[in-house]
Amino acid sequence: MFSVFDIFKIGLGPSSSHTTGPMRIAKRTLLEAQNLGLLAKTARVLVELQGSLALTGIGHGSDRAAILGLLGHEPETVEKSQADLDIEKAFETKRLLLLGQYEIAFDAKNDIDFRGDIIPKLHPNGMKIYLFDKNAEQIFTRIFYSTGGGFIASEEQLLRPTTNDIVKRGKKAQLPFTSAAELLAHCAKTNGNIDDVVRINEDSLRPRAQTDAGLLAVWQAMNSSIERGLDAVGILPGGLKVRRRASSLYQKMRENPLSQDLERLFDWLNIYAMAVNEENANGGRVVTAPTNGAAGLIPALIRYYCAGEGWNAGDCAATGKIGRFLLVAAGIGMIYKQRASLSGAEMGCQGEVGVACSMGAAGLCAIWGGTPAQIEHAAEIAMEHNLGLTCDPVGGLVQIPCIERNAIGAVKAANAARLAMIDVGDHKVTLDQVIETMRQTGLDMSSKYKETSQGGLAVNVVEC
Ligand code: SF4
């Protein structure tokens, strides 16, 4: 069973599958080599980025992430300023200190190979690392896959369906679920709501106080990314010359507080979501929700509906509004992760912003007092109207359509939750059915529309 902290992970932008995953793969590979006593003998490291990691790797910063992982950094702890300095130094000196201990020559131009021609069968985001000794003999090689939302998996994990992508833990969850039907059955049996079930599972992993502290850290990281995004102006990196807009929109809203436009709700959700995703596009610290590309939607809903300008830490405890939102949203995210995928390279944007919209609608419905059935309905409606959503980022950057897509997704999530709250009674389509539909649609979707920048907006918008 996954934990709420597997779904909400603090890290650096712009992409969880193309930045967080590769950073973790690089470090993990070197740690394995170190355990075998091979790192001290290593004279050259070659990183091979395959499939989508190669095709949109430069725009998503996969090469930079790989360098950070080789240096021994972790996405959860590395500061953006330090990361920028270390990457600049690696490019300038053409030398790397593997895991901060073993110095080798490293020329990113030759030692990071973008192999967009290799489309791995197991998952489109493959990353293979080769180690060579001073005689240019290959002494170690390992392949991992970045499976979306910062998760990574070995070949063995993906080949054995029973252990497929499972997070191994010492303790078993008390109320495990792999489908919405099972989750609802647990709610009925325990006479609890979805957050109660997820909380019981979290309690089997760690003391409640630690979960509360973790939820607080997640919300603080989300809120900080909103704050930084509201402050920042200028042009986003990458060459598309996309202007940051959240800050100026925020000023406009603050200067006109008496506006009675009914549509002000849209403005606030747009502003908060865009603030986070502009930060993400800038390589700043955000939280996977459930991915970096979809990092803005859930924070926007929480900021507008739960936190406002004056939230307190108690709201982040498991029983507070924000805690409940996060637990419910994570519970829904876990089902998508187990039954389908959170990877844009596998599912298109259905698996990123679509899933975030479904999670957000569920969280919102929960804090509005929705029953388990209404929450499941909200999550279902939100995904039903994201089916077929493609991933076609212009220039391979997580900017167009990603930033606005989070804003539109936040509004859609609120509408789905509203509909579920008002519409009582049975509904025809279940969440499990819509997740399976998303999975099949993702598998049928042409690879042009799955994070390869080979179709859609990516070929129709001229870069300048
Ligand atoms: S279009 Fe969606 S899936 Fe693709 S990079 Fe952007 S946010 Fe991620």
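What share of the contacts in the protein with a separation of 6 or more comes from residues 24 or more positions apart? That share is 77%. Keep in mind while browsing the views below that this is a predicted model.

**View 1. The whole chain, with its 21 helices and nine strands.** The radius of gyration comes out at 21 Å, close to the 23 Å that the globule rule gives for 464 residues, so the protein is as compact as a globular protein of that length. Lay the C-alpha trace along its principal axes and you get a span of about 70 × 50 × 45 Å. Of the 464 residues, 53% are buried.

**View 2. Domain 1 and domain 2, side by side.** The domain assignment puts residues 14-163 in domain 1, while domain 2 is made of 180-204 plus 206-460. Measure from centre to centre over C-alpha atoms and the two domains are 29 Å apart.

**View 3. Where domain 1 meets domain 2.** Here 22 residues of domain 1 are in contact with 28 residues of domain 2. On the domain 1 side, the elements that chip in two or more residues are the helices α2 (16-35), α3 (52-55) and α4 (57-60), along with the strand β7 (138-148). Helix α2 gives the most, with four residues. Sort this side of domain 1 by class and you find 17 polar residues, four nonpolar ones and one charged.

**View 4. Helix α18, mostly covered.** This helix takes in residues 372-384, 13 in total, and reaches 18 Å from its first C-alpha to its last, close to the 18 Å expected at 1.5 Å a residue. Of those 13 residues, 11 are buried. Among them are Pro 372, Gln 374, Ile 375 and Met 383, and the buried set also includes Glu 376, His 377 and Glu 380.

**View 5. The neighbours of α18.** What do the buried residues of α18 pack against? Their partners are α9 (180-190), α10 (194-203), α15 (321-339), α17 (353-367), α19 (402-422) and α20 (431-444). Ala 378, Ala 379, Ile 381 and Ala 382 are among the buried residues of α18 to look for here.

**View 6. The shell around the ligand.** There are 13 residues around the ligand, and the ones that come nearest are Gly 293, Gly 344, Cys 349, Cys 391 and Cys 402. By class, this shell has eight nonpolar residues, three charged and two polar.

Technical notes:
Residues numbered from 1 in each chain as written. Predicted model: local features only at pLDDT ≥ 70, side-chain atom pairs only at ≥ 80, totals over all residues. Domains from an automatic or database assignment. Contact = placed C-beta atoms within 7 Å. Nonpolar A, V, L, I, M, F, W, Y, C, P; charged D, E, K, R; others polar. Expected span 1.5 Å × (residues − 1). Buried ≥ 20, exposed ≤ 12 C-beta atoms within 10 Å, placed from the backbone. Rg over C-alpha atoms; globule rule 2.2 N^0.38 Å. Near = placed C-beta within 6 Å.
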